[in-house]
Amino acid sequence: MKSKQNITLKLIDKFKNGDEKAFDEIVKLHYESIFNLLLRLVGNKLDADDLCQETFIRVYKYIKKFKRKSQFSTWLYRIAYNVANTFFRKQKIQQFFSYDINEETIVSNDPIEDYEMNPILLKSINLLPKKQKSILVFRIVEGLKYKEISKIMNISINSAKVNYHYAIETLKKRIKESNVN
């Protein structure tokens, strides 16, 4: 019997040559192992299934770039791991922004987990200019210092500070306005 790796490599070749059904076979061959990995990482079947689908969407998108420098399973696990990390970052952001809103909690670094997600804050954050939104997430959610943010975003430290300040002021203003209405 041929190894899973050899079968997969042949299926990849077929897929690269236009056989769409070959991709379905790749998914069938690897779905269970990826699902089990993701289930262990996220802890529930519903999220694991969603992330498994996302993993194979990315595989479909990038499989033609697979260079065979590593085993396919290694490459596939790395994609699944990255998908899970993206999921965790989104969860962390949602958790951070899921508490009651007032001036003190906007700048707090300790999310209060017992409150429902406040749609006003989420909407306000999503309306921020991209740079301000990114700096806010890096600073509050990721806990990065302005120096690190400036390197990541290729801006000055002062620009990071100013944009963070404007983001906080904008959020305070929008929240006050929504509390008045």
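User: Let's start with the pocket. How many residues in the lining of the largest pocket are nonpolar, polar and charged?

Analyst: The lining of the largest pocket divides into 3 nonpolar, 2 polar and 5 charged residues. Keep in mind that this is a predicted model. The volume of that pocket comes to about 170 Å³.

User: Which residues line the largest pocket?

Analyst: Going along the chain, the lining is made of D47, D50, L51, E54, R58, V83, T86, F87, K90 and Q91. Two elements, α3 (45-62) and α4 (72-96), each give two or more residues to it.

User: And the overall fold: how many helices and strands does the protein have?

Analyst: There are 9 helices and 0 strands, so to speak an α-α-α-α-α-α-α-α-α run from the N terminus on. Of the 181 residues, 35% count as buried. If you look at contacts between residues at least 6 apart in sequence, 54% of them join residues at least 24 apart.

User: How should I read the confidence, and where is it lowest and highest?

Analyst: The general idea: where pLDDT is low, don't read the predicted coordinates in detail. In this protein the mean pLDDT is 80, and 82% of the residues reach 70 or more. Confidence is highest in α3, with a mean of 94, and lowest in helix α5 (residues 103-106), with a mean of 44. Over residues 99-117 the pLDDT is below 50, and that stretch has 38 contacts in the model beyond near neighbours in sequence.

User: Now the aromatic rings. What describes a pair of them?

Analyst: You describe a pair of aromatic rings by the distance of the centres and the angle of the planes. Pairing here takes ring centres within 6.5 Å, and the count comes to 10 aromatic pairs. Take F66 and W75: their ring centres are 5.1 Å apart and their planes sit at 50 degrees, so this pair is tilted. F66 is buried, at 4% relative accessibility, and W75 is buried too, with a relative accessible area of 19%.

User: What kind of pair do Y146 and Y164 form?

Analyst: That one is edge-to-face, with 5.9 Å centre to centre and 70 degrees between the planes. The pair links distant parts of the chain: Y146 belongs to helix α8 (residues 146-153) and Y164 to helix α9 (residues 157-180), 18 residues apart. Y146 has a relative accessible area of 17%, so it counts as buried. Y164 is buried as well, at 12% relative accessibility. Elsewhere, F15, F23 and Y60 form one aromatic cluster.

User: Which backbone angle is worth a look at R68?

Analyst: Phi. Most residues other than glycine have a negative phi. R68 has a positive phi of about 65 degrees, although it is not a glycine. You'll find R68 in the loop between α3 and α4, where it is partly exposed, with a relative accessible area of 36%.

User: One last residue: is T8 buried or exposed?

Analyst: T8 is buried, at 0% relative accessibility, and is found in helix α1 (residues 4-16). Setting aside neighbours within four places in sequence, T8 is in contact with L29, H30 and F72. As for A22, T8 is 14 residues from it in sequence and 9.1 Å from it in space, C-alpha to C-alpha.

How values were computed:
Residues are numbered from 1 along each chain as its sequence is written. This is a predicted model: local features need pLDDT of at least 70, side-chain atom pairs count only at pLDDT 80 or more; totals for chains, interfaces and linings use all residues. Side-chain values use heavy atoms; hydrogens and water are left out. On a 1 Å grid over the protein atoms alone, a cavity is a set of points where a 1.4 Å probe fits but cannot get out, and a pocket is an open set with protein on both sides within 12 Å along at least five of seven lines; lining residues have an atom within 4 Å of a point. Grid points are joined across faces, edges and corners, and a volume is the space filled by probe spheres set on the points. Helices (H or I, at least four residues) and strands (E, at least two) are DSSP runs, numbered from the N terminus. Ala, Val, Leu, Ile, Met, Phe, Trp, Tyr, Cys and Pro count as nonpolar, Asp, Glu, Lys and Arg as charged, and the others, Gly among them, as polar. pLDDT is the predictor's confidence in each residue, from 0 to 100. Contact means heavy atoms within 4.5 Å. Rings of Phe, Tyr and Trp (its six-membered ring) pair if their centres lie within 6.5 Å; planes under 30 degrees apart count as stacked, over 60 as edge-to-face and the rest as tilted. Buried means under 20% relative accessible area, exposed over 50%, partly exposed in between (1.4 Å probe, protein chains only).
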